[in-house]
Amino acid sequence: MAALVGGKVRGSLENMDYEITKAFASDLMSDVLREDMDDTVLITGLCNIQTIRTADMAELRIAILSRGKVADDEMVEMAEDNGLTIIESPFTTFRISGLLYDAGLQPFY
């Protein structure tokens, strides 16, 4: 998935073979917490520790940071501790969504 979105993998590497079937794009972490995110990748431009906390609460395994956002050391450490894979992509949220859709992932809604 990282190669598909031109991304760099950070955080936990244990999810690289995890089967993801859906994608959800949001910068509103409250929207992420309202839904069952099983087998879903989060695409977001929100790059802070709250993104990692939210991903953990939602039991996400992979989060893609869009628009060239780079996770800081605290985010990476927390992601590793919580088993979350972070992919840093230079692409826009829109482009990442389209690439994942073309690769067969379904929209969350």
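Which are the buried residues of helix α4 (residues 93-102)?

**Figure 1. The buried residues of helix α4 in a predicted model.** Within helix α4, which spans residues 93-102, the buried residues are T93, I96 and L100. When the helix is seen down its axis, these buried residues fall within an arc of 65 degrees, so they line one face of α4. The spacing can be understood from a general property of helices: an α-helix has 3.6 residues a turn, so residues three or four places apart point the same way.

**Figure 2. The surroundings of helix α4 and its other side.** The buried residues of α4 pack against three strands, namely β2 (22-25), β3 (40-44) and β4 (62-65). On the other side of the helix, by contrast, F94, Y101 and D102 are exposed. After α4 comes G104, a residue whose phi is positive, with a value near 110 degrees.

**Figure 3. The setting of A55 in helix α2.** A55 is found in helix α2, which covers residues 49-57, and this alanine is buried, with a relative accessible area of 0%. If its neighbours within four places in sequence are left aside, the residues in contact with A55 are L60 and L84. The view also takes in L33, which lies 22 residues from A55 along the chain, while the C-alpha atoms of the two residues are separated by 8.5 Å.

**Figure 4. The whole chain, shown for orientation.** The chain has four helices and six strands, and, read from the N terminus on, its elements follow the order β-β-α-β-α-β-α-β-α-β. Its radius of gyration is 12 Å, which is close to the 13 Å that the globule rule gives for 109 residues, so the chain is as compact as a globular protein of that length. Taken along the principal axes, the box filled by the C-alpha atoms is roughly 35 × 30 × 25 Å. Of the contacts between residues at least 6 apart in sequence, 57% join residues that are at least 24 apart.

**Figure 5. The surface and the charges of the chain.** The accessible surface of the chain comes to about 5,800 Å², and 49% of this surface belongs to carbon and sulfur atoms, while 44% of the 109 residues count as buried. The chain carries 9 positive and 19 negative charges, and the mean positions of these two groups are 7 Å apart.

Methods: Residues numbered from 1 in each chain as written. Predicted model: local features only at pLDDT ≥ 70, side-chain atom pairs only at ≥ 80, totals over all residues. Heavy atoms only, no water. Helix = DSSP H or I, 4+ residues; strand = E, 2+ residues; numbered from the N terminus. Rg over C-alpha atoms; globule rule 2.2 N^0.38 Å. Buried < 20%, exposed > 50% of the residue type's maximum accessible area, 1.4 Å probe, protein only. Contact = heavy atoms within 4.5 Å. Areas by Shrake-Rupley, 256 points an atom, 1.4 Å probe, with all protein chains shown as cover. Lys, Arg positive; Asp, Glu negative; His and termini not counted. Charge placed at Lys NZ, Arg CZ, Asp CG, Glu CD. Arc of directions from axis to C-beta.
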